[in-house]
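This report covers side-chain contacts, helix packing and burial in one protein chain. Please keep the structure in view while reading.

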Amino acid sequence: MDVVYSMNSKEFRLQNDKELMQELSWITSGALMEVFLSPRHHNSLPNLPTATLGGKQLWDSLWAVDGWQIQKCRVLGSLIPHYRILDPKGVRRAWYLSRKDFTRDARLFANIIRQKLVMRDFRYGIVFSGGGGKGAYQIGVWKYLQELGIDQKIHGVSGASVGALNSLLFLQGDYQKAEDVWTKTQQGDFTYIDPLNYLKAVSDFLCLTTTRSSFLQQLIDALLNYPEQRCDISFSLFSQNQLRQIIQDNVSAEKIQTNLSDKLVYSMLCDLSTGAYPCCWNKRSFDSICDLVLTSAAMPIAYSPQIFDDRTCVDGGLVDNIPVSPLVKDFHHIIVIHLQPDCEDEQKKWRRSTRGLSLNQVTFYHVYPSKAVHMENLADTMTVNPELTQYRMTLGYHDAKEQLHPLVEHEKSRMPVPNRAQAEAVLPAVRAIW
C-alpha cells in the first residue's frame, strides 16, 4: 500500500516559497531589514508607507524578527504572489508581486552577509604538486573544476616545480589556453640544450670534481642524496630558455596582475642554505613572477640553481612537493592535486608537507592518479609529448570526477545561518556594500 504524506494548509500554500524563505533566514535582525529597505539594488514596487490591519486572516507569515514581518497574501497567492514587508508598527514598507524578483533581492542581500561572515568557508585554495611532465594531469582536474564552476571560487594557489608553472596558467584563468600550451609542449621544451652554456657547465664542473670523485659519481650523488647530503649541483644538463619562451608567448602579464588583486599565490623554492622557502607572488612584477616560477621548477642536475631574492635556490619540490603550508591559515577548504598514485611514498611526502601545521579547521579534497602508468617514476617525470599529455589530462579529468564527491556535496550544502551577534558584527560592512 502506498504511503500518503499529509501537508497542512499553510505548508501547502508556502511550498513554492522555500528558496525565498531560505534566503530570508539570513536576515536575522530588524537592523538588517532596515538596511535591506535602504536599497540601491532591490526591485520592490513603489510604496506609500501606510498602516495595515495586520492581515492575520488573509496573510501567511514567511519571516518575523524584532516585530518586523514578511507576509504572503493567501488570496490568489499561487497565481499572483503578493508579498509585503511590515515594520514593528504594522506599516507596509515594501511589497512585491513577483516571487522571482523578491527571491533575487533576498539572495543578493544574503550573499553580502555570507561573504562577510563565512567567505573563508566558501573560498577554496588549491595545491599543484610537482612532477615534471606529469603536470598535464592537473590541467584535466582543472577542466572538471571549471565544469562545476569551482575554479572561479579558488582564491588561494600554491605550487611546486611544474605545479608552479601550472599555477601561472591557472591564474591567467584561461583553461583552453592552458590545454593548448600543454598539448603543444614537446620533449625538447623540457630538455632543451644550449650548446655553449652546456660546454661551459661541463668544463666548470669537471674542474670542481677532479679532486673529489669521478664526474659521473658526482652527478649521481647530487641527484640521489640531496638535500640530506650537500653535494655540488651546479652542473645542469638542460636550459630553461624554451620554458621561458613558452611563458612569454602564452601568458598575459596584464591578466596575471589583474587576477592577483583578489588572490593569494605562492610558489615553493628550495634555498640551498636554509631549505624550504615559500614565495608569495603578490606585489611582485610579472618578470619577477616568471623568474620565481622557473626557479621553483629548476630540478637539480636537469637545470642549474637560480639566484632569487638574493638566495641560491633550486626546485621547491625537493623540500616540499605538496606545498599546502602557505594556504592553511587563510583557507578552510583546500583542493590538493597529486602527481603520484596514493602510495606510501606519496603519503610520506604529504606527512612532511603537513608536519607541524594546525589542520583542525581545514578540509582537504585530494585527487590522486588512479593509474600508475606514465604517472609513477622519474622517467615519467622527465617525459612529455602530445600523446602522453592527452592521456594524462583525460586521466586527471576522470579521477577528479570520481574522487571529488565530497567537494560537490560541500558546494550543495547550506551555509549555517548566523546568530544575531554574528549578524550585528558585520552590519556596518553590509550597510556599506548594500
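A crossing of two helices is called right-handed if the near helix is turned clockwise from the far one by less than a right angle, and left-handed if anticlockwise. By that rule, α5 passes α16 in a right-handed crossing. The model is a predicted one.

**Helices α5 and α16**

The axes of α5 and α16 lie 6 Å apart. The angle between them is about 45°. Angles under 35 degrees count as roughly parallel and those from 65 to 115 as roughly perpendicular. The two helices are therefore oblique to each other.

**Aromatic pairs**

How many aromatic pairs does a search of the whole structure find? The search finds ten. One of them joins Tyr96 and Phe102. Their ring centres are 4.2 Å apart and their planes meet at 10°, so this pair is stacked. Planes under 30 degrees apart are what that label requires. Tyr96 is buried, at 1% relative accessibility. Phe102 is buried too, with a relative accessible area of 0%.

Tyr144 and Tyr397 also form an aromatic pair, and this one is edge-to-face. Here the centres are 6.0 Å apart and the planes stand at 85°. The pair links distant parts of the chain. Tyr144 belongs to helix α5 (residues 136–148), and Tyr397 to helix α16 (residues 386–403). In sequence, 253 residues separate them. Are these two tyrosines buried or exposed? Tyr144 and Tyr397 are both buried.

A cluster also appears. Ring pairs link Phe128, Trp142, Phe170 and Tyr175.

**Charges over rings**

Tyr397 has a further contact. Lys143 lies over the face of its ring, 5.3 Å from the ring centre. Elsewhere, Arg84 places its charged end over the ring of Trp59. The distance to that ring centre is 3.8 Å.

**Salt bridges**

Side chains of opposite charge can pair when their charged atoms come close. Across the whole structure, a search finds 15 salt bridges. The table gives three of them, including the N to O distance and the separation in sequence.

| Salt bridge | N to O distance | Separation in sequence |
|---|---|---|
| Lys72 and Asp17 | 2.7 Å | 55 residues |
| Arg311 and Asp271 | 2.9 Å | 40 residues |
| Asp309 and Arg284 | 2.9 Å | 25 residues |

Take Lys72 and Asp17 to begin. Their side chains meet in a salt bridge at 2.7 Å, N to O. Lys72 lies in strand β2 (residues 68–73), while Asp17 is in the loop between α1 (9–14) and α2 (18–24), so the pair ties together parts that are 55 residues apart in sequence. Both residues are buried. A network of salt bridges links Asp17, Lys72 and Arg99.

Next come Arg311 and Asp271, whose side chains meet at 2.9 Å, N to O. This salt bridge joins two strands: Arg311 is in β10 (residues 311–315) and Asp271 in β7 (residues 264–271). What is the accessibility of each partner? Arg311 counts as partly exposed, at 27% relative accessibility. Asp271 counts as buried, at 4%.

Asp309 and Arg284 form the remaining bridge in the table, also with an N to O distance of 2.9 Å. Both sit in loops. Asp309 is between β9 (306–308) and β10, and Arg284 is between β8 (275–280) and α13 (286–296). Asp309 has a relative accessible area of 33%. Buried means under 20% and exposed means over 50%. Asp309 is therefore partly exposed.

**Burial of α13**

Helix α13 is mostly covered. Nine of its eleven residues are buried. Among them are Phe286, Ile289, Leu292, Val293 and Leu294. Ser288, Cys290, Thr295 and Ser296 are buried as well.

**Two loop residues**

Ile27 sits in the loop between α2 and α3 (30–36). Its relative accessibility is 1%, so Ile27 counts as buried. What separates Ile27 from Arg420, in sequence and in space? They are 393 residues apart in sequence, and 9.2 Å apart in space, C-alpha to C-alpha.

Asp151 occupies the loop between α5 and β6 (154–160). With a relative accessible area of 10%, Asp151 is buried. Gly125 is 26 residues away from Asp151 along the chain. Their C-alpha atoms are separated by 9.8 Å.

How values were computed
Residues numbered from 1 in each chain as written. Predicted model: local features only at pLDDT ≥ 70, side-chain atom pairs only at ≥ 80, totals over all residues. Heavy atoms only, no water. Phe/Tyr/Trp six-rings, centres within 6.5 Å; stacked < 30°, edge-to-face > 60°. Buried < 20%, exposed > 50% of the residue type's maximum accessible area, 1.4 Å probe, protein only. Helix = DSSP H or I, 4+ residues; strand = E, 2+ residues; numbered from the N terminus. Lys NZ or Arg CZ within 6 Å of the ring centre and 35° of its normal. Salt bridge = Lys/Arg side-chain N within 4 Å of Asp/Glu carboxyl O. Axes fitted to C-alpha atoms, helices over the stretch in contact; angles between N-to-C directions. Parallel < 35°, antiparallel > 145°, perpendicular 65-115°, else oblique.
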